[in-house]
Amino acid sequence: MEYTGWNKILYRVDGTKRTIVNGLLVIVNVVLWVYMEIFADTLNGNDLITYGALYPPLLIYQGEWYRIFTAMFLHFGAQHLANNMLLLAAAGGKLEEAVGSFKYLLIYFGAGIAGSLLSLSIMIQTGEYAVCVGASGAIFGMIAALAWIAIRNRGKFAGLTTKGLLFLIVLCLYNGIVSEGIDNWAHIGGAIGGFFLCILLYRKPLDA
């Protein structure tokens, strides 16, 4: 079948649907980072707060709860951005193919918000406040969601295995433990949120 017009954009040559939403999310994150590099400094905590970073006192005392969402689109420097976008491009594309664009967005944003909320609650409990940014909570949610999909497909999905995905999550969490400045609670919250949202949204029978 030959595709023309919008169909040529929406579908690949082999007839499979392109993962446009995931691609747009990558583009939005990169564009916002470039914008901040031009007009501010992505390595400056005060600038990140100005552009929507999660910082507990501003949520607790000024009610700026939108930061739970906006922090997902900000990144601390080029390396942080590159690492997250590489993972998002790989994991997000496979997840969008599996569940569709709308459910993909629900899982992505749900996991990101879950990560922000867990990180916020831990900082409030400990009294140790930090400026938090990044899409990694949502990305951990993508990987955990793919793990559930692999489970539903007898341990394998699109070249991925349940064991391999769980190992990747553990490896990334370990890297967060031994490295400075990594918000592991956001990763854990995102993974939990993404996993359970995928349980609700991915309906392929076990015996299919």
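**Exercise 1. Arg152 and its surroundings**

Task: Decide whether Arg152 is buried or exposed in this predicted model, and state how many residues along the chain separate Arg152 from Arg203.

Solution: Begin with the accessibility of Arg152, which has a relative accessible area of 15%; since buried means under 20%, Arg152 is therefore buried. Next, place the residue in the secondary structure, where Arg152 belongs to helix H8. Finally, turn to the pair formed with Arg203, in which the two residues are 51 residues apart along the chain while their C-alpha atoms are separated by 8.8 Å.

**Exercise 2. Ile149 in helix H8**

Task: Establish which residues are in contact with Ile149, leaving aside its neighbours within four places in sequence.

Solution: First locate Ile149, which lies in helix H8 and is buried, its relative accessible area being 0%. Then list the partners, which are Leu95, Ala98, Val99, Phe157, Cys198 and Tyr202. One of these partners, Cys198, is itself buried, also with a relative accessible area of 0%. As a last step, consider Thr162, which is 13 residues from Ile149 in sequence and 8.4 Å from it in space, C-alpha to C-alpha.

**Exercise 3. The largest nonpolar core**

Task: Find which element gives the most residues to the largest nonpolar core, and work out the surroundings of Tyr104.

Solution: Start from the core as a whole, which has 35 residues, with Leu88, Leu95, Tyr104, Ile107 and Tyr108 as those having the most contacts inside it. The elements that give two or more residues to this core are helix H2 (20-39), H6, H7, H8, H9 and H10. Of the contributors, H8 gives the most, with twelve residues. Now examine Tyr104, which, not counting residues up to four places away in sequence, touches Val21, Asn22, Leu25, Leu88, Gly92, Leu95, Glu96, Val99 and Met142.

**Exercise 4. The largest pocket**

Task: Describe the lining of the largest pocket by residue, by element and by class.

Solution: The pocket has a volume of about 1,100 Å³, and its lining comprises 40 residues, of which His80, Gly181, Ile182, Asp183 and His187 lie nearest the centre. Two or more lining residues come from each of helix H3 (45-50), helix H6 (77-99), helix H7 (101-126), helix H8 (136-152), helix H9 (162-178) and helix H10 (184-201). H7 gives the most, with seven residues. Sorting the lining by class then yields 18 nonpolar, 19 polar and three charged residues.

**Exercise 5. Ser116 and the cysteines**

Task: Determine whether Ser116 is buried or exposed, and how many disulfides the structure holds.

Solution: Ser116 sits in helix H7 and, at 10% relative accessibility, counts as buried. Not counting residues up to four places away in sequence, Ser116 touches Leu54 and Ile68. For the cysteines, Cys132 counts as buried at 13% relative accessibility, and Cys198 is buried at 0%. The structure holds zero disulfides.

**Exercise 6. The chain as a whole**

Task: Give the order of helices and strands along the chain, together with the share of its residues that are buried.

Solution: Count the elements to begin with, which are ten helices and two strands, and then read them along the sequence, which gives the pattern α-α-α-α-α-α-α-α-β-β-α-α. Of the 208 residues in the chain, 41% are buried. To finish, take the contacts between residues at least 6 apart in sequence, among which 71% join residues at least 24 apart.

Key: Residues are numbered from 1 along each chain as its sequence is written. This is a predicted model: local features need pLDDT of at least 70, side-chain atom pairs count only at pLDDT 80 or more; totals for chains, interfaces and linings use all residues. Side-chain values use heavy atoms; hydrogens and water are left out. A disulfide is a pair of cysteine sulfur atoms within 2.5 Å. Buried means under 20% relative accessible area, exposed over 50%, partly exposed in between (1.4 Å probe, protein chains only). On a 1 Å grid over the protein atoms alone, a cavity is a set of points where a 1.4 Å probe fits but cannot get out, and a pocket is an open set with protein on both sides within 12 Å along at least five of seven lines; lining residues have an atom within 4 Å of a point. Grid points are joined across faces, edges and corners, and a volume is the space filled by probe spheres set on the points. Helices (H or I, at least four residues) and strands (E, at least two) are DSSP runs, numbered from the N terminus. Ala, Val, Leu, Ile, Met, Phe, Trp, Tyr, Cys and Pro count as nonpolar, Asp, Glu, Lys and Arg as charged, and the others, Gly among them, as polar. A nonpolar core is a set of buried Ala, Val, Leu, Ile, Met, Phe, Trp, Tyr and Cys residues joined through side-chain atoms within 4.5 Å. Contact means heavy atoms within 4.5 Å.
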